[in-house]
Amino acid sequence: MSKVKYYYDPDTLSYRKIEPKKSKKYRNLFFFVVGAALFGLLGLIVLLNTNLLNTPKELSLDREVRNYELQFEILTKKMEQMEQVLANIEDRDNNIYRLYFEANPIPEEQRKAGFGGVNRYKSLEGFNNSQIITNATQRLDIIQKQMVIQSKSLDEIAKLAEEKEKLLASIPAIQPVRNEDLTRMASGYGWRSDPFTKARKMHWGMDFTAPRGVPIYATGDGTVKRADNRSSGYGKHIRIDHGYGYMSLYAHLSKYNVTKGQKVKRGDLIGFVGNTGRSEAPHLHYEVFKDEERINPINFYYGSLTAEEFENMLKFANQENQSLD
């Protein structure tokens, strides 16, 4: 019940009832309705932004969305780690492995290339987070492509390494007669005095003086191409094809320990020192060929001599003395 208000009338010396104007009533009513509407709208907004009005299904979906967002953040961090690891492997591949094996590096454009042509991500369009999903999928596709390229590259490197290993094992790289079995290093590669004619002529190999029957060893992996005495001046001799254009020759042997077509490894016993053919005394005449051209064998002893031993051999080999064949 509304309160009744009075005022004092001095003319009549009495209290009179205050009658409110109708316009004021309507104005008050208007402000009340507007205020109630505003408060109601504000309350509705607050309720819509809380979980008070959500159904259990909506709450479950909301939790699922938040979980997906967390999983996506974890996926993004993992992709960043994968990209860093791949970048490190690619750098070593181009600047260490391929450089060592003399292979051309893989261009950056080839490693990082995307996927042109038809839009392969069309099925991911039309969702609330389509751009994020598309970018992540594209990023994963590029990482996968990089991994395929790198895998093929490492396969190639492995083959190159295997071939390099074969090459290093095949190159004639040791002395064919052990130092302890040598009497002396008689003559080197170059112009020497012929022991029979005394004329100055080219000596195409190195002469190792040693007693008859001293073991002779293969200087590199290869296949025995000849083991006979049918080559003028060499007497009983062996030729080993090492591949990669290399061949070694061992002459004036007393006997063989291999046969034609036999596979040998570096350090295998292949024959024995002798004095057969055009030879003045028991010794081994040793030659090295590269692409059918004779080259100085002294450059191929890094696998069996110390620096001091090599220096001594170099000094004797450079002396222009008389050869033994």
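**Close-up 1. The hairpin of strands E4 and E5 in the predicted model.** Strand E4, residues 190-193, pairs with strand E5, residues 200-203, in the antiparallel sense, and four bridges join the two. Within this pairing, Gly-190 stands opposite His-203 of E5. Six residues lie between the strands of the hairpin, and Lys-198 takes a positive phi near 65° there.

**Close-up 2. Helix H2, its bend and its buried residues.** Helix H2 runs over residues 56-100, and because its 45 residues should span 66 Å at 1.5 Å a residue, the 64 Å between its end C-alpha atoms agrees with that expectation. The helix nevertheless bends by about 40° at Asp-93, a residue that is also buried, as are Thr-76, Met-79, Leu-86, Glu-90, Asn-94 and Arg-98. An α-helix has 3.6 residues a turn, so residues three or four places apart point the same way. The cover over the buried residues of H2 includes helix H3 (108-112) and helix H4 (130-170). Just after H2, Glu-102 takes a positive phi of about 55°.

**Close-up 3. The open sheet of E7, E13 and E11.** Three strands, in the order E7-E13-E11, form an open sheet with antiparallel pairing. Strand E7 (215-217) and strand E11 (253-256) stand at the edges with a single partner strand each, so one side of each is left without a neighbour in the sheet. On average, and with direction ignored, neighbouring strands of this sheet are turned by 35° against each other. E7 pairs with strand E13, residues 269-273, in the antiparallel sense over three bridges, and the bridge partner of Pro-215 in E13 is Phe-272.

Notes
Residues numbered from 1 in each chain as written. Predicted model: local features only at pLDDT ≥ 70, side-chain atom pairs only at ≥ 80, totals over all residues. Heavy atoms only, no water. Pairing = 2+ DSSP bridges. Expected span 1.5 Å × (residues − 1). Bend = angle between axes of the 7 residues up to and from the residue. Buried < 20%, exposed > 50% of the residue type's maximum accessible area, 1.4 Å probe, protein only. Contact = heavy atoms within 4.5 Å. Axes fitted to C-alpha atoms, helices over the stretch in contact; angles between N-to-C directions.
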